[in-house]
Amino acid sequence: MSNIKCIGILTSGGDAPGMNAAIRAVTRAAIYHGMNVKGIYRGYKGLITNEILDFKTQDVSNIIQRGGTILKTARSEEFRTIEGRAKAYENMKAHGIDALVVIGGDGSLTGARIFAQEYDIPIIGLPGTIDNDLYGTDSTIGYDTALNTIVSAVDKIRDTASSHDRLFFIEVMGREAGFLALNGAIAGGAEAAIIPEYMFEKDQLAETIENGFRKTKNSSIVLVAESELTGGAMGVAERVKKEYPQFDVRVTILGHVQRGGTPTANDRILASRMGVAAIDALMEDQRNVMIGIDNDKIVYVPFSKAIKEHKPIDAKLVDDLHMLSI
């Protein structure tokens, strides 16, 4: 059994719906097992500036349904430096913190990996990102909620697209990952998705239009992943105006609306399971691992794999979308 008596918990990077459910689960599971809990505000920045408070079970009451993160989040350039991490470690030790639970995406887990190696600290990561781009887990905290937000927006935009015989390009988040765009397109009944994973293999725009995807429809919706590779919805729309001037084109960029809102039941359950699993992992003397979900089973994924290995898109889903768009 582990000798850990006190854990610190922080959220870092972009916020994601379900982070509060994870904070609640980690806090209560730790207290259940006799540990003290410290809430670290504003991520790694707060660890450096000593924004650290005791957390009791009542501090996480009535938060499971809330979006965002009660611990706040921030990006910290100082934590990227040796000096910044030294300050963070000094504050951590001053508060008696033996281990950390870090909730965030690949940047947050990269910072955790470096910090853990430098100071031999047990750190457990929870995948909190709407992008669903971390290797080793079927889903990340916040992804399901963001996907539902996208589908709701697509449903509304289709009403306008149909009324005006228009071609809508809807830009969704995901950075260099097309999970939100592809699955949002399938769930929303869109005609196509333009995703970065296939930019070097084929001209997705030309393939979509030249295959005659509007032969039986008076309106169309295409989801575009926000990425330098795709050019985003604005870039795709500009190209259509030049190469296919017969289309009446409109663009909608969903932006940060995808990050907010009440987390879905799936995200609350996922975050709760992962939060409990983080404490289980520490009690088993695990360190430098991310909690993942694989075929509905909790798994431990080394930081090196979660961060560095590429999470592939299911090519069958791309074929399915093409089939369903006729």
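This passage describes two sheets, the helices that pack on them and the largest pocket of a predicted model.

In the predicted model, seven strands form an open sheet in which the pairing is mixed and the strand order is 3-2-1-4-5-10-11. The edges of this sheet are taken by strand 3, residues 52–55, and strand 11, residues 297–302, and because each of them has a single partner strand, one side of each is left without a neighbour in the sheet. From one strand to the next, the twist of the seven-stranded sheet averages 30°.

Within this sheet, strand 1, which covers residues 6–11, pairs with strand 4, which covers residues 99–104, in the parallel sense and over five bridges. As an example of this pairing, leucine 10 has valine 102 of strand 4 as its bridge partner. Helix 4, made of residues 106–119, packs on the sheet, where it touches strand 4, strand 5 (123–127) and strand 10 (289–294), and the direction of helix 4 makes about 160° with that of strand 4. Helix 9, residues 265–283, also packs on the sheet and is in contact with strands 1, 4, 5, 10 and 11, while its direction makes about 135° with that of strand 10.

A second open sheet consists of four strands in the order 7-8-6-9, and here the pairing is parallel. Strand 7 (192–194) and strand 9 (249–253) stand at its edges with a single partner strand each, so that one side of each has no neighbour in the sheet. The twist of the four-stranded sheet averages 25° from one strand to the next.

Strand 7 and strand 8, the latter spanning residues 220–225, are joined in the parallel sense over three bridges, and alanine 192 stands opposite valine 222 in strand 8. Helix 6, residues 179–188, packs on this sheet by touching strand 6 (167–172), strand 7 and strand 8, with a direction that makes about 160° with that of strand 8. Helix 8, residues 232–243, lies across strands 6, 7, 8 and 9, and runs at about 155° to strand 6.

Attention now turns to empty space in the model. The largest pocket has a volume of about 650 Å³, and it is lined by 29 residues, of which Gly13, Arg75, Asp106, Gly107 and Ser108 are the closest to its centre. Helix 4, already described as packing on the seven-stranded sheet, gives the most to this lining, with six residues. By residue class, the lining of the largest pocket divides into twelve polar, eleven charged and six nonpolar residues.

Conventions: Residues are numbered from 1 along each chain as its sequence is written. This is a predicted model: local features need pLDDT of at least 70, side-chain atom pairs count only at pLDDT 80 or more; totals for chains, interfaces and linings use all residues. Side-chain values use heavy atoms; hydrogens and water are left out. Two strands pair if DSSP finds at least two bridges between them. Helices (H or I, at least four residues) and strands (E, at least two) are DSSP runs, numbered from the N terminus. Axes are lines fitted to C-alpha atoms, for helices over the stretch in contact, and angles run from 0 to 180 degrees between N-to-C directions. Contact means heavy atoms within 4.5 Å. On a 1 Å grid over the protein atoms alone, a cavity is a set of points where a 1.4 Å probe fits but cannot get out, and a pocket is an open set with protein on both sides within 12 Å along at least five of seven lines; lining residues have an atom within 4 Å of a point. Grid points are joined across faces, edges and corners, and a volume is the space filled by probe spheres set on the points. Ala, Val, Leu, Ile, Met, Phe, Trp, Tyr, Cys and Pro count as nonpolar, Asp, Glu, Lys and Arg as charged, and the others, Gly among them, as polar.
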